[in-house]
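This report considers how the parts of one protein chain are arranged and how two of them meet. The sequence and structure are shown first.

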Amino acid sequence: MGTTVTNNPPRVEPKALASALEQLAARFGNRLITSQAVREQHGHTTTWIVNQPPDGVVMAQETADIQDVVRICAKQGVPVIPFGTGTSLEGQVNAPAGGISIDLRDMNKVLAVHAEDLDCVIQPGVTRKALNEHLRDQGLFFPIDPGADASLGGMASTRASGTNAVRYGTMRDSVLALKVVRGDGEIITTGTRAKKSSAGYDLTHLFVGAEGTLGIISELTIRLRGIPETIAAGAVSFETVHGACQAVILAIQTGIPVARIELLNAAQVKACNAYSKLTLPETPLLLMEFHGSEIEVGEQSKAFGEIAKDCGGGDFSWTTKPEDRTKLWQARHDAYWSVKALRPGDSVGVVATDVCVPISRLAECVDETEEDLKRLNLLSPIVGHVGDGNFHCSLVCDTNDADEMARGEEFMHRLVERAQAMDGTCTGEHGIGQGKQKYLKAELGPEALDAMRALKKALDPQNIFNPGKIVPEV
């Protein structure tokens, strides 16, 4: 199962690869793994893009390991692909030219927590949940929540976002500084723990979102937040998606500091009810969360309830009980699996794709997307981080059905074109990888792609860092 990627860089020379593998084996012993099963686990596994495994996997334990892999591979011109937890959705971890995957899961130490300054220093393999477990006793948390328990290095590399972005921003807003292994194995330090700086080029944010194509992140300094005194989660059903989106727009415009605000269309609510054993009305639904003092949360919830009612919403129910909040948000995080369960079968696949538009165009974009699904007779529940205009489609297709696959491809292409025509983007948080390269030229123009290629050539002249991703080869 998989969509073949045609824009592939040339494969590494066999002699060069053999030499690199021999040197890596001498350096890493059994931490170099070449079994087919493990290599395939380190290729793309989450949507339709075909799995392209690396030729070997090195289990890194410290920065020096990354440096040595890069130095060995650079001498032979062998590609290097960083791997966190493998949850990226656009083929970012594939190895289309072959090469070596550096698995960073064992680089999972929290190196320092500076509670007074609200920041910490971590290795790239630290996962979101593990970090928050470590921080909880100090009254701190890291707010970026993409749903999956992704590694922080991977989240920085893909410029991840998630359900909390409407209040706390994205990884772009949360990374203060990085240490990055460059193409010769030396380390670039991109910033300090200072909360702001105007010292030179903003190298930190050059690497945030670069998807491992410019270097490999070996250490991160990130912003933290204090755990709110009170957290309330709520849900309200609407007759139409348009009404739900209008409620979001009004809430943002009136300055209600919503921490999370998520849209589920009727198809997604039905899937969540079945999978997570809920009894929500199977109409468009908004899930939200408010953070602050008890008084603030109460005022925010009341104000949003009035807005929802004016936009055709039903009763707004909310709770501060942790177990109730967890159940509600776990159902949202399990949305992918709930969609997959709608249509079992070995040949049935789910592809998650996203776009983002200005919030004023959100209702229109979602409405037209649902009309497309009806016209093309396709199943694709919709969820969205609607506070920032970002929504996701989980398209279900039988990969053995050529006609259905063709309709699916048409739908995804029209989805991106629609978002771009509304001054939006082909991806709000999934990234480009291999899957969305073809849309960059229309979105940013050929001059921007030329600038990206120039950066890539300057920082990675041998093109060993994750080749074949983001910018198409000339």
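## Polar and charged pairing

In this predicted model, the rule finds zero salt bridges across the interface of domain 1 and domain 3. Residue pairs in polar contact, with both partners at pLDDT 80 or more, likewise number zero across the interface of domain 1 and domain 3. By class, the side of domain 1 that touches domain 3 nevertheless holds one charged residue, together with two polar and two nonpolar residues.

## Extent of the interface

The area buried between domain 1 and domain 3 is about 550 Å², and 69% of it lies on carbon and sulfur atoms. Of the area that domain 1 buries against domain 3, 83% is supplied by T47, W48 and L89, more than by any other three residues.

The C-alpha centres of domain 1 and domain 3 are 36 Å apart. Their contact draws on five residues from domain 1 and eleven residues from domain 3.

## Domain layout and annotation

The chain is divided into domain 1 at residues 14-105, domain 2 at 110-226 and domain 3 at 230-422.

An unreviewed UniProt entry places the feature "domain: FAD-binding PCMH-type" at residues 50-227. Over residues 50-227, the chain is 23% helix and 24% strand, and the C-alpha atoms at the ends are 41 Å apart.

Methods
Residues are numbered from 1 along each chain as its sequence is written. This is a predicted model: local features need pLDDT of at least 70, side-chain atom pairs count only at pLDDT 80 or more; totals for chains, interfaces and linings use all residues. Side-chain values use heavy atoms; hydrogens and water are left out. UniProt positions are given in the numbering used here, feature names are shortened, and annotations may be inferred rather than shown by experiment. Helices (H or I, at least four residues) and strands (E, at least two) are DSSP runs, numbered from the N terminus. Domain bounds come from an automatic or database domain assignment. Contact means heavy atoms within 4.5 Å. Buried area is the accessible area (1.4 Å probe) that two parts lose on being put together, summed over both. A salt bridge is a side-chain nitrogen of Lys or Arg within 4 Å of a carboxyl oxygen of Asp or Glu. A polar contact is a pair of N or O atoms within 3.5 Å; within protein, one must be able to donate a hydrogen and the other to accept it, and residues adjacent in sequence count only if both atoms are side-chain atoms. Ala, Val, Leu, Ile, Met, Phe, Trp, Tyr, Cys and Pro count as nonpolar, Asp, Glu, Lys and Arg as charged, and the others, Gly among them, as polar.
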